[in-house]
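Trainee: I would like to learn how to read salt bridges and helix geometry from a set of coordinates. Could you take me through a case?

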Amino acid sequence: MAGRLLGRALAAVSLSVALASVTVKSPGCRGIPAFRNSFSSCWFHLNTNVMSGSNGSKENSHNKARTSPYPGSKVERSQVPNEKVGWLVEWQDYNPVEYTAVSVLAGPRWADPQIRNPAGRTGLVGRGLLGRWGPNHAADPIITRWKKDSSGNKIMHPVSGKHILQFVAIKRKDCGEWAIPGGMVDPGEKISATLKREFGEEALNSLQKTSAEKREIEEKLHRLFSQDHLLIYKGYVDDPRNTDNAWMETEAVNYHDETGEIMDNLTLEAGDDAGKVKWVDISDKLKLYASHFQFIKLVAEKRDAHWSEDSEADCHGL
């Protein structure tokens with residue numbers, strides 16, 4: 001196992017060096033570096049090829065970034081077959097559609113428009129709905145607790161024999177999919193602050209609370225977010241908003257309320273970008289937004305919680 005992991009790491013380093021020196025040309029564009037991300041982004045991206053899809057099967061992890069129509073529009077991407085995704089694959093006839101939302105054009109112009117998506121072609125150039133060229137950083141707080149019966153005892157799944165874990169999920173207003181409550185990192189903001197702020201805004205509706213209510217929520221959230229936590233994932237996300245020039249990267253962090261005492265004293269209430277919010281049992285039956293299914297699966301593994309009724313299934317190999 002150690003040998004295989006070392007081999008993968010060396011391969012990742014070698015590939016990142018090779019990509020950094022490659023120039024890609026496409027119609028209407030001058031030669032540009034194919035890969036100009038940090039090593040950390042490269043490393044996490046290169047490991048997404050072993051992440052499972054929403055049905056638990058191994059598949060190409062660059063699917064949602066190629067879906068049409070583009071979110072919030074009627075724009076259809078140019079189709080990109082699996083074998084033509086990578087920038088190292090020569091494709092003289094590649095002619096991606098250009099699209100940047102009007103609301104994005106009205107905002108500030110960030111960074112370098114010539115940067116390229118580290119996961120490969122998406123069939124669309126521009127920024128789409130994303131504010132920045134290149135990586136757009138988000139934070140996803142995964143708040144969990146054990147499912148309990150009326151007597152306060154943890155409930156065990158009858159098939160797997162493992163305790164059932166729950167997480168706070170929101171239903172996104174923009175696409176109607178269930179997701180982890182999270183959002184974009186504000187300029188100059190620390191990730192830890194974003195995680196707490198986004199959870200408060202989307203799962204507790206903190207933006208609509210009085211000053212006194214906000215202080216009470218802040219005190220309880222401080223207790224939850226100050227305890228030990230698990231960094232579940234950091235890096236590139238296969239997101240339907242991604243383009244050839246702009247993409248999502250995130251840090252998914254798990255904060256676990258072991259006794260349930262903290263979250264029992266907080267009332268869930270959808271706010272901001274969330275249409276609904278509720279506690280959801282974690283299992284392989286979940287259908288979630290973007291790469292959130294994989295993040296939740298990793299949490300189940302780390303917490304040794306129930307995941308699948310299939311005795312042959314496990315969380316390893318992600």
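**Salt bridges around two helices**

Mentor: Let us begin with one residue of this predicted model: Arg197 has a relative accessibility of 23%, so it counts as partly exposed.

Trainee: Which side chain does Arg197 meet in a salt bridge?

Mentor: The general idea is to look for a side-chain nitrogen of Lys or Arg within 4 Å of a carboxyl oxygen of Asp or Glu. Here the side chains of Arg197 and Glu198 satisfy this, with an N to O distance of 3.0 Å. Glu198, at 5% relative accessibility, counts as buried, because the cut-off for that class is under 20%.

Trainee: Which residues are linked with Arg197 and Glu198 in a network of salt bridges?

Mentor: The network joins Arg197 and Glu198 with Asp186, Glu189 and Glu201, and the structure as a whole holds 16 salt bridges.

Trainee: Where in the chain do the partners Lys196 and Glu218 lie?

Mentor: When reading such a pair, one asks both how the atoms meet and where the residues sit. The side chains of Lys196 and Glu218 form a salt bridge at 3.0 Å, N to O, and this pair links distant parts of the chain, since Lys196 belongs to helix α4 (residues 191-203) and Glu218 to helix α5 (residues 211-225), 22 residues apart. Glu218 is partly exposed, with a relative accessible area of 38%, whereas Lys196 is among the buried residues of α4, a list also including Leu195, Phe199 and Ala203.

Trainee: How many residues apart are Glu216 and Lys220 in helix α5?

Mentor: They are four residues apart, which means that about one helical turn separates them. Glu216 and Lys220 form a salt bridge whose closest N and O atoms are 3.2 Å apart; Glu216 counts as partly exposed at 43% relative accessibility, and Lys220 also counts as partly exposed, at 24%.

Trainee: What span should the 13 residues of α4 have?

Mentor: At 1.5 Å a residue, the 13 residues of α4 should span 18 Å, and the end C-alpha atoms are 18 Å apart, so the expected and computed values agree. Just after α4, Asn205 takes a positive phi of about 55°.

Trainee: For which residues does UniProt list a "coiled-coil region"?

Mentor: An unreviewed UniProt entry lists residues 200-227 under that name, and such an annotation may be inferred rather than shown by experiment. In the model, the span of residues 200-227 is 68% helix and 0% strand, and its end C-alpha atoms lie 17 Å apart.

Notes
Residues are numbered from 1 along each chain as its sequence is written. This is a predicted model: local features need pLDDT of at least 70, side-chain atom pairs count only at pLDDT 80 or more; totals for chains, interfaces and linings use all residues. Side-chain values use heavy atoms; hydrogens and water are left out. Helices (H or I, at least four residues) and strands (E, at least two) are DSSP runs, numbered from the N terminus. Buried means under 20% relative accessible area, exposed over 50%, partly exposed in between (1.4 Å probe, protein chains only). The expected span of a helix is 1.5 Å times one less than its number of residues.
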